[in-house]
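Work through the exercises below with the sequence and the 3D view open. Try each task before you read its solution.

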Amino acid sequence: MTNQKQTATCRLKQDYMRLKRDPVPYITAEPLPSNILEWHYVIKGPEDSLYYGGYYHGTLLFTKEFPFKPPSIYMITPNGRFKTNKRLCLSISDFHPDTWNPAWSVATILTGLLSFMLETTPTMGSCETTPYEKRRYAQQSLEFNMKNEVFQELFPEICEEITERLQTIEEQRKQAAATAAEEGSGGKEAATGESETADGSVFVAGRSGGGGDDSNIWHSLYTNLIVLVGFVVFALIVHYVIKSMNI
C-alpha cells in the first residue's frame with residue numbers, strides 16, 4: 001500500500017510540474033498542500049461559450065492506486081451544466097474504470113472535463129438549464145467563489161482578478177444608476193410637459209397663461225360647429241334647387 005501511495009504521489013508531482021511548465025488554456029489546478037491526492041481546479045469560461053465570464057471551481061479526488069485508477073470528479077461552483085458536489089459520470093472519472101488510460105494526466109482529465117462541459121450530452125451528474133441561466137450562473141460565480149476559503153487560499157491570483165472584476169461591475173452599476181436617475185428626471189419632464197426655466201419657474205408645454213388648454217378645446221369645438229352648420233345649409237340649398245327644377 002505504501003508503494004502504491006508513493007507511486008501516486010510521484011506521478012501527481014510530475015503532473016503538477018507539467019501543468020506549471022505548460023499551462024492548459026482556461027484551466028488552473030492546485031493540490032492541497034496537506035494532501036496531494038486532493039486537487040482543486042478552476043475553469044474559466046471560454047470567450048465563445050455560455051460560460052464566458054464565469055469561474056468554475058471543483059475537485060479531483062485521486063486514490064492511492066493512481067495512475068492505474070481514475071479520480072472522482074466534482075464541481076463546486078453552480079454552473080448550469082453539472083450538479084454541484086455530485087460525482088460526475090465521465091469516461092475520465094471513476095464511473096468508468098474500464099475506459100481509463102493510465103497515461104492520462106491531470107491536464108488530460110481537466111481538458112476532457114472542459115470539453116464535456118461545453119457539450120450538451122446528458123450524463124449522471126449533469127443538469128439541463130437555459131442559456132440565460134448559464135449566463136446568470138457565470139455572473140454569480142464571482143461572489144460565490146470568493147466565499148470559499150480553500151479557493152482563496154489556493155488561487156490568490158484568480159481572487160485578484162475576481163476582485164478587480166467585482167469592483168468594475170460595482171462601478172458600472174453605480175454609473176448606470178446615476179444615468180437612470182438623470183434620465184428618469186428628464187423623462188418626468190417630458191411626460192408632464194414641464195421643464196424649469198432660467199428663473200426657476202415651471203413652463204408647461206402647450207399652455208399660455210392660465211386655462212390655455214380650455215381655450216384651445218373650446219376653439220376646436222366652435223370651429224367644428226361652424227363647419228357642421230355650413231354643411232347643413234349647403235345641403236338644404238341643393239335640395240331646394242333640385243326640387244324647383246323638377247317642378
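This is a predicted model, in which local features need pLDDT of at least 70, side-chain atom pairs count only at pLDDT 80 or more, and totals for chains, interfaces and linings use all residues. Residues are numbered from 1 along each chain as its sequence is written, and side-chain values use heavy atoms, with hydrogens and water left out.

**Exercise 1. The overall plan**

Task: Find how many helices and strands the chain has, and give their pattern along the sequence.

Solution.
- Step 1. Fix the terms: helices (H or I, at least four residues) and strands (E, at least two) are DSSP runs, numbered from the N terminus.
- Step 2. Count them: the chain has 6 helices and 6 strands.
- Step 3. Read along the sequence: the pattern is α-β-β-β-β-α-α-α-α-β-β-α.
- Step 4. Look at the cover. Buried means under 20% relative accessible area, exposed over 50%, and partly exposed in between (1.4 Å probe, protein chains only). Of the 247 residues, 30% count as buried.
- Step 5. Look at the contacts, meaning heavy atoms within 4.5 Å. Among contacts with a separation of 6 or more, 52% link residues 24 or more positions apart.

**Exercise 2. Pairing of strands**

Task: Trace how strands 1 and 2, 2 and 3, and 3 and 4 pair, using the bridges.

Solution.
- Step 1. Use the rule: two strands pair if DSSP finds at least two bridges between them.
- Step 2. Start with strand 1 (residues 27-32). It runs antiparallel to strand 2 (residues 35-44), and 6 bridges join the two. A hairpin of 2 residues links strand 1 to strand 2. On the bridge map, T28 has V42 as its partner in strand 2.
- Step 3. Move to strand 3 (residues 55-61). Strand 2 and strand 3 are antiparallel, with 7 bridges. Here Y41 is matched with G58.
- Step 4. Add strand 4 (residues 72-75), which is antiparallel to strand 3 over 4 bridges. G58 appears again, now with M75 as its partner in strand 4.
- Step 5. Check the cover. In strand 1, 5 of the 6 residues are buried. In strand 3, 6 of the 7 residues are buried.

**Exercise 3. A glutamate in strand 1**

Task: Decide whether E30 is buried or exposed, and find which side chain makes a polar contact with it.

Solution.
- Step 1. Place E30: it is in strand 1.
- Step 2. Apply the cut-off: E30 counts as buried because its relative accessibility is 13%.
- Step 3. List its contacts beyond four places in sequence: Y16, K20, E38, W39, H40, L154 and F155.
- Step 4. Find the polar contact. The term means a pair of N or O atoms within 3.5 Å; within protein, one must be able to donate a hydrogen and the other to accept it, and residues adjacent in sequence count only if both atoms are side-chain atoms. The side chains of E30 and Y16 make one at 2.8 Å.

**Exercise 4. Charged pairs**

Task: Find which salt bridges D15 and E161 form.

Solution.
- Step 1. Recall the idea: side chains of opposite charge can pair when their charged atoms come close.
- Step 2. Set the rule: a salt bridge is a side-chain nitrogen of Lys or Arg within 4 Å of a carboxyl oxygen of Asp or Glu. The count comes to 6.
- Step 3. Take D15 with R11: their closest N and O atoms are 3.3 Å apart. The two residues are about one helical turn apart, because 4 residues separate their positions in helix 1 (residues 2-21).
- Step 4. Take D15 with R18: here the closest N and O atoms are 2.9 Å apart. D15 is buried at 2% relative accessibility, while R18 is partly exposed at 39%.
- Step 5. Turn to E161, in helix 5 (residues 156-192). Its side chain meets that of K44 in a salt bridge of 3.0 Å, N to O. K44 lies in strand 2, so the pair ties together parts that are 117 residues apart in sequence.
- Step 6. Join the shared partners: R11, D15 and R18 form one network of salt bridges.
- Step 7. Add one polar contact: the side chains of E161 and Y55 are linked at 3.1 Å.

**Exercise 5. A lysine without a partner**

Task: Find which side chain of opposite charge is nearest to K134.

Solution.
- Step 1. Place K134: it is in helix 3 (residues 131-146).
- Step 2. Assign charges: Lys and Arg count as positive and Asp and Glu as negative, while His and the chain ends are not counted.
- Step 3. Search: the nearest is E133, at 6.6 Å, and K134 is buried with no salt bridge.
- Step 4. List what K134 touches beyond four places in sequence: L50, Y51, Y56, N79, G80 and T129.
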